[in-house]
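These exercises ask you to read a protein structure step by step, moving from its sheet to single residues. Try each task with the structure open before you turn to the worked solution.

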Amino acid sequence: MSLGKNIHNAFAVVFETLKSIEKLMIKCTSEIDGEAYHMPAERFMRYSSDLSWEGWIYWSFILLYQRKEDGAIMENGWINAPVYAVEINVDSDTCDEPMVYIAKMNFGDISDWSKGCSPSNHTLFYNAIHAVDMYEEIETETGLSKIIAKVGYEDKVSSSFWGFQNAVCSEIKLVEITADNYKDKIFGTIEYLSNL
């Protein structure tokens with residue numbers, strides 16, 4: 001097989017994968033239990049840049065949820081409670097195989113936040129989920145990852161990431177999520193994390 005044909009085949013696989021990810025995100029946004037969950041930002045967040053090839057194809061998709069049980073929706077469209085970030089990640093530099101990371105993220109007072117969340121805020125959530133830069137990961141007794149600011153960076157993280165306090169993360173292999181079990185795998189994990 002020629003090099004050109006291999007390149008076409010590789011992109012065909014990438015495009016089919018992106019179509020499958022789109023189907024999962026549509027299910028997670030359109031079929032959520034509106035009585036139980038609120039999406040403060042209906043668009044997914046992603047790293048995007050025309051300046052770097054890394055931004056030309058998306059490899060990380062983050063959806064945000066909040067539990068309506070945790071409080072009332074404020075004028076800014078947020079609930080003053082934890083934010084649950086669901087990341088679909090196909091980046092081979094981050095994980096050995098495609099994963100879904102679900103993080104319960106605790107912040108200070110959310111009432112000062114602006115409405116919605118720009119897709120370009122991807123890096124803020126991504127860095128915390130993956131303990132990149134100013135964050136560090138601590139393994140918990142339950143096998144989950146707890147993310148906190150590195151010692152000496154607490155004030156900088158809090159001020160640059162909207163009052164971030166900490167996060168607890170769980171992970172699921174993307175191939176284990178199906179049309180039949182996605183609610184249990186994703187939203188069941190959110191419910192589990194809400195009790196921690």
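Please keep in mind throughout that this is a predicted model.

**Exercise 1. The order of the strands**

Task: Work out in which order the seven strands form the open sheet, and find which strands stand at its edges.

Solution: Following the sheet from one side to the other, we meet the seven strands in the order S1-S2-S3-S4-S7-S6-S5, and the pairing is antiparallel. Strand S1 (37-38) and strand S5 stand at the edges, and each has a single partner strand, so one side of each is left without a neighbour in the sheet. As general background, strands of a sheet pair through backbone hydrogen bonds, either parallel or antiparallel.

We can then go through some of the pairs and count bridges.

- Strand S2 (residues 60-67) pairs with S3 over six bridges, and phenylalanine 61 stands opposite isoleucine 88 in S3.
- Strand S3 (residues 83-89) is joined to S4 by seven bridges, with glutamate 87 having tyrosine 101 in S4 as its bridge partner.
- Strand S4 is joined to strand S7 (residues 164-173) by nine bridges; here isoleucine 102 stands opposite serine 170, and phenylalanine 107 stands opposite phenylalanine 164.
- Strand S6 (residues 145-149) is joined to S7 by three bridges, and the bridge partner of isoleucine 147 in S7 is alanine 167.

**Exercise 2. A strand covered on both faces**

Task: Determine how many residues of strand S4 (residues 99-107) are buried, and sort them by the side on which they lie.

Solution: We begin with the general rule that in a regular strand the side chains alternate between the two faces of the sheet. In S4, one side carries Met99, Tyr101, Ala103, Met105 and Phe107, while the other carries Val100, Ile102, Lys104 and Asn106, and all of these are buried, which leaves both faces covered. Nine of the nine residues of S4 are therefore buried, so the strand is largely enclosed by the rest of the structure. Its partner S7 is mostly covered, with seven of its 10 residues buried.

**Exercise 3. A cysteine in strand S7**

Task: Decide whether cysteine 169 is buried or exposed, and list what it touches beyond its neighbours in sequence.

Solution: Cysteine 169 is found in strand S7. Its relative accessibility is 7%, and because buried means under 20%, cysteine 169 counts as buried. When neighbours within four places in sequence are left aside, cysteine 169 is in contact with Ile102, Ala103, Ile129, Leu144, Ser145 and Ile147. Lysine 146 lies 23 residues away along the chain, yet its C-alpha atom is separated from that of cysteine 169 by 6.3 Å.

**Exercise 4. Helix H2 and the loop that follows**

Task: Find which residues of helix H2 (122-129) are buried, and then describe the surroundings of histidine 130.

Solution: Helix H2 is mostly covered, since six of its eight residues are buried, namely His122, Phe125, Tyr126, Asn127, Ala128 and Ile129. The elements that cover these buried residues include S2, S3, S4, S5, S6 and S7.

Histidine 130 lies in the loop between H2 and strand S5 (135-139), and with a relative accessible area of 16% it is buried. Not counting residues up to four places away in sequence, histidine 130 touches Glu87, Asn89, Thr94 and Tyr101. With one of these, glutamate 87, it makes a polar contact between side chains at 2.6 Å. H2 is also followed by alanine 131, whose phi is positive, near 50°.

**Exercise 5. A serine in helix H4**

Task: Locate serine 194, and find which backbone oxygen its side chain reaches.

Solution: Serine 194 is found in helix H4 (residues 182-194), and at 18% relative accessibility it counts as buried. Its side chain reaches the backbone oxygen of glutamate 191 at 2.6 Å. Leaving aside neighbours within four places in sequence, serine 194 is in contact with Arg67, Tyr84 and Lys104.

**Exercise 6. A pocket and its lining**

Task: Describe the second largest pocket by its volume and by the residues that line it.

Solution: The volume of this second largest pocket is about 270 Å³. Its lining has 13 residues, of which Ser20, Ile21, Leu24, Leu174 and Ile177 lie nearest the centre. Helix H1 (residues 3-30) gives the most to this lining, with six residues. Sorted by class, the lining has eight nonpolar, three polar and two charged residues.

Key
Residues numbered from 1 in each chain as written. Predicted model: local features only at pLDDT ≥ 70, side-chain atom pairs only at ≥ 80, totals over all residues. Heavy atoms only, no water. Helix = DSSP H or I, 4+ residues; strand = E, 2+ residues; numbered from the N terminus. Buried < 20%, exposed > 50% of the residue type's maximum accessible area, 1.4 Å probe, protein only. Polar contact = N/O pair within 3.5 Å; in protein donor to acceptor, adjacent residues only side chain to side chain. Contact = heavy atoms within 4.5 Å. Pairing = 2+ DSSP bridges. 1 Å grid on protein atoms, 1.4 Å probe; cavity = no way out; pocket = protein on both sides within 12 Å on 5 of 7 lines; lining within 4 Å. Points joined across faces, edges and corners; volume = space filled by probe spheres on them. Nonpolar A, V, L, I, M, F, W, Y, C, P; charged D, E, K, R; others polar.
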